[in-house]
Amino acid sequence: MTAMGNYTRVLVVAQTQSRVDELTGILERSGCLVSATMSVTTALDMSGYSDFDALVMAEDIHPSERAYLRTQVIRNQPNAVVVSNRASRSVMIQLTQAFKEAGVAE
């Protein structure tokens, strides 16, 4: 993946702490720099003032909130990729694929 320096900056949003911890652990072990929240509102705020390369939304976030968050993040962070994750194990595969589809070099 691409990123600033040697790491990819990822914002993780999930509804439960266990899901946040699980996704954060996988991403950090893969070399990502992770910020995480259990609040869609906080994620929206962060998208306005923090730079990140990817947003990972756990599918436990309500679909309408995921859609709104996706729209706002793309508006605030046009170069960021957005991934909805159902199974934590697949998060790195999803991110890699999203970066490829966005035309971002690995």
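**Helices, strands and burial in a predicted model**

Author: Val10 stands opposite Ala54 in strand E3. In strand E2, the bridge partner of Val10 is Val34. This is a predicted model in which local features need pLDDT of at least 70 and side-chain atom pairs count only at pLDDT 80 or more, whereas totals for chains, interfaces and linings use all residues. Residues are numbered from 1 along each chain as its sequence is written, and side-chain values use heavy atoms, with hydrogens and water left out.

Reader: How do you know that E1 and E3 pair, and how many bridges join them?

Author: Two strands pair if DSSP finds at least two bridges between them. Strands E1 and E3 run parallel and are joined by four bridges, so the criterion is met. Strands E1 and E2, also parallel, are joined by five bridges. Strands here are DSSP runs of E with at least two residues, and helices are runs of H or I with at least four, numbered from the N terminus.

Reader: What makes E2 and E4 the edge strands?

Author: The open sheet has four strands in the order E2-E1-E3-E4, with parallel pairing. E2 and E4 each pair on one side only. Neighbouring strands are turned by 20° against each other on average, direction ignored.

Reader: Why is Phe99 counted as buried or exposed?

Author: Buried means under 20% relative accessible area, exposed over 50%, and partly exposed in between (1.4 Å probe, protein chains only). Phe99 has 1% relative accessibility and therefore counts as buried. Phe99 lies in helix H4, residues 91–101. The C-alpha atom of Phe99 is separated by 9.2 Å from that of Asp53, 46 residues apart along the chain.

Reader: What makes E1 a mostly covered strand?

Author: Five of the five residues of E1 are buried. Arg9, Leu11 and Val13 lie on one side, Val10 and Val12 on the other, and both faces are covered.

Reader: Why are H2 and H3 called roughly parallel?

Author: Axes are lines fitted to C-alpha atoms, for helices over the stretch in contact, and angles run from 0 to 180 degrees between N-to-C directions. Angles under 35 degrees count as roughly parallel, over 145 as roughly antiparallel, 65 to 115 as roughly perpendicular and the rest as oblique. The axes of H2 (residues 40–49) and H3 (residues 63–76) come within 9 Å and cross at roughly 10°, so the two helices are roughly parallel to each other. Among the contact residues are Val40 and Leu44 of H2 and Tyr68 and Leu69 of H3.

Reader: How do the residues of the contact of H2 with H3 divide?

Author: They divide into six nonpolar, four polar and one charged. Ala, Val, Leu, Ile, Met, Phe, Trp, Tyr, Cys and Pro count as nonpolar, Asp, Glu, Lys and Arg as charged, and the others, Gly among them, as polar.

Reader: What term fits the crossing of H1 and H4?

Author: The axes of H1 and H4 come within 10 Å and cross at roughly 60°, so the crossing counts as oblique. Leu23, Ile26 and Leu27 in H1 meet Val91, Met92 and Leu95 in H4, where contact means heavy atoms within 4.5 Å. This contact has six nonpolar, no polar and no charged residues.

Reader: How do you know that the span of H1 agrees with expectation?

Author: The expected span of a helix is 1.5 Å times one less than its number of residues. For the 13 residues of H1 (residues 17–29) this gives 18 Å, and the end C-alpha atoms are 18 Å apart, which agrees. Just after H1, Gly31 takes a positive phi of about 95°.
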